[in-house]
Amino acid sequence: MKIYPLLKTFCFASLLLIFTSCISQKIFKEKNGFLRVEAEDFYLQTNDSVRKWYVVDKNFTTDLKDADFSHSKSASKNKYVEILPDTRQTHADKLIRKENFSNVPGIAVLHYKVNIKNPGRYYVWVKAFSTGSEDNGIHVGLNGKWPNSGKRMQWCKGKRSWYWESKQRTKEVHCGIENAIYLDIEKAGEHTIQFSMREDGFEMDEWLITSDKNYNPRNIK
């Protein structure tokens with residue numbers, strides 16, 4: 001007689017596990033050359049022993065070093081992600097490569113599953129909150145690879161506000177050049193888009209990819 005409650009509990013737990021797994025494995029679908037995703041909807045985080053992305057909402061608290069207070073009230077769906085701890089907040093703070101700064105992608109990596117119906121070149125835009133000159137860079141990659149066109153995504157404008165940008169930092173132009181951040185997706189089907197730390201303290205609210213070279217989310221009211 002006691003086996004039925006146990007069986008019921010086991011079945012419920014199994015269904016809950018499957019349901020949770022389905023949510024975490026959500027695949028975002030491109031439509032007509034466009035895809036927009038909430039930053040907190042990643043399905044996997046890797047290489048996060050040195051720096052880690054945290055989902056920040058109204059209930060988030062931490063003892064880790066951070067340069068500013070939460071901006072969840074102004075973020076899309078009142079959530080965003082941030083790389084912590086933030087130990088290099090100004091240019092005077094010590095730069096420790098592969099810890100609080102990495103020009104090479106691979107540290108604190110967020111993964112998103114996407115389904116692409118229309119393969120081709122997709123320009124990447126990210127909405128970020130930057131407080132200074134040391135929390136305004138990130139890398140973007142595809143399927144475990146980090147093309148040169150996805151490295152050193154840079155923000156200079158829009159300080160202390162959520163700001164869409166799609167520029168690549170170069171030796172000649174530190175604030176970045178336009179139309180240089182993109183991913184070439186050669187085949188239709190399922191792919192993984194990744195974001196990796198360049199500077200700790202980076203805050204990301206949303207990201208999008210578009211096949212339209214002239215698209216600018218800042219122009220959309």
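In this predicted model, Cys175 comes out as partly exposed, with a relative accessibility of 38%. Its partner is Cys156: the two form a disulfide, with 2.2 Å between their sulfur atoms. Cys156 is likewise partly exposed, at 28% relative accessibility. A disulfide is a covalent bond joining the sulfur atoms of two cysteines. A search of the whole structure turns up one disulfide. The link between Cys156 and Cys175 is left-handed, with -95° about the S-S bond. Both ends sit in loops: Cys156 in the one between strand 9 (153-154) and strand 10 (162-165), and Cys175 in the one between strand 11 (167-168) and strand 12 (177-178), so the bond ties together parts that are 19 residues apart in sequence.

Strand 9 also leads to strand 8, since the two pair in the antiparallel sense over two bridges. Here Gly137 stands opposite Gln154 of strand 9. Strand 8 has another partner in strand 14 (residues 189-197), again antiparallel, with five bridges between them. In that pairing, His139 stands opposite Ser196 of strand 14.

How much of strand 8 is buried? Six of the six residues in strand 8 (residues 137-142) are buried, so the strand is largely enclosed by the rest of the structure. The burial covers both of its faces: Gly137, His139 and Gly141 point one way, Ile138, Val140 and Leu142 point the other way, and all are buried. The cut-off behind that label is under 20% relative accessible area, whereas the cysteines of the disulfide, at 28% for Cys156 and 38% for Cys175, count as partly exposed.

Next come the aromatic contacts, with 10 aromatic pairs in the structure. One of them joins Tyr112 and Phe195, whose ring centres are 6.0 Å apart and whose planes meet at 85°, so the pair is edge-to-face. Tyr112 belongs to strand 6 (residues 109-116) and Phe195 to strand 14, so this contact ties together parts that are 83 residues apart in sequence. Both Tyr112 and Phe195 are buried.

Tyr112 also forms an aromatic pair with Trp207, edge-to-face as well, at 5.2 Å centre to centre and with 70° between the planes. This pair links distant parts of the chain, with Tyr112 in strand 6 and Trp207 in strand 15 (residues 203-210), 95 residues apart. Tyr112 has a relative accessibility of 0% and therefore counts as buried. Trp207 is buried too, with a relative accessible area of 0%. Tyr112 thus pairs with Phe195 of strand 14 and with Trp207 of strand 15. Elsewhere among the rings, Trp53, Trp155 and Phe202 make up one aromatic cluster.

Then there are the pockets. The largest pocket has a volume of about 180 Å³. Which residues line the largest pocket? The lining consists of Val56, Asp57, Lys58, Phe60, Thr62, Leu64, Asp66, Asp68, Phe69, Ser70, Tyr80 and Glu82. By class, these lining residues divide into five nonpolar, two polar and five charged.

Notes. Residues are numbered from 1 along each chain as its sequence is written. This is a predicted model: local features need pLDDT of at least 70, side-chain atom pairs count only at pLDDT 80 or more; totals for chains, interfaces and linings use all residues. Side-chain values use heavy atoms; hydrogens and water are left out. A disulfide is a pair of cysteine sulfur atoms within 2.5 Å. Helices (H or I, at least four residues) and strands (E, at least two) are DSSP runs, numbered from the N terminus. Buried means under 20% relative accessible area, exposed over 50%, partly exposed in between (1.4 Å probe, protein chains only). Two strands pair if DSSP finds at least two bridges between them. On a 1 Å grid over the protein atoms alone, a cavity is a set of points where a 1.4 Å probe fits but cannot get out, and a pocket is an open set with protein on both sides within 12 Å along at least five of seven lines; lining residues have an atom within 4 Å of a point. Grid points are joined across faces, edges and corners, and a volume is the space filled by probe spheres set on the points. Ala, Val, Leu, Ile, Met, Phe, Trp, Tyr, Cys and Pro count as nonpolar, Asp, Glu, Lys and Arg as charged, and the others, Gly among them, as polar. Rings of Phe, Tyr and Trp (its six-membered ring) pair if their centres lie within 6.5 Å; planes under 30 degrees apart count as stacked, over 60 as edge-to-face and the rest as tilted.
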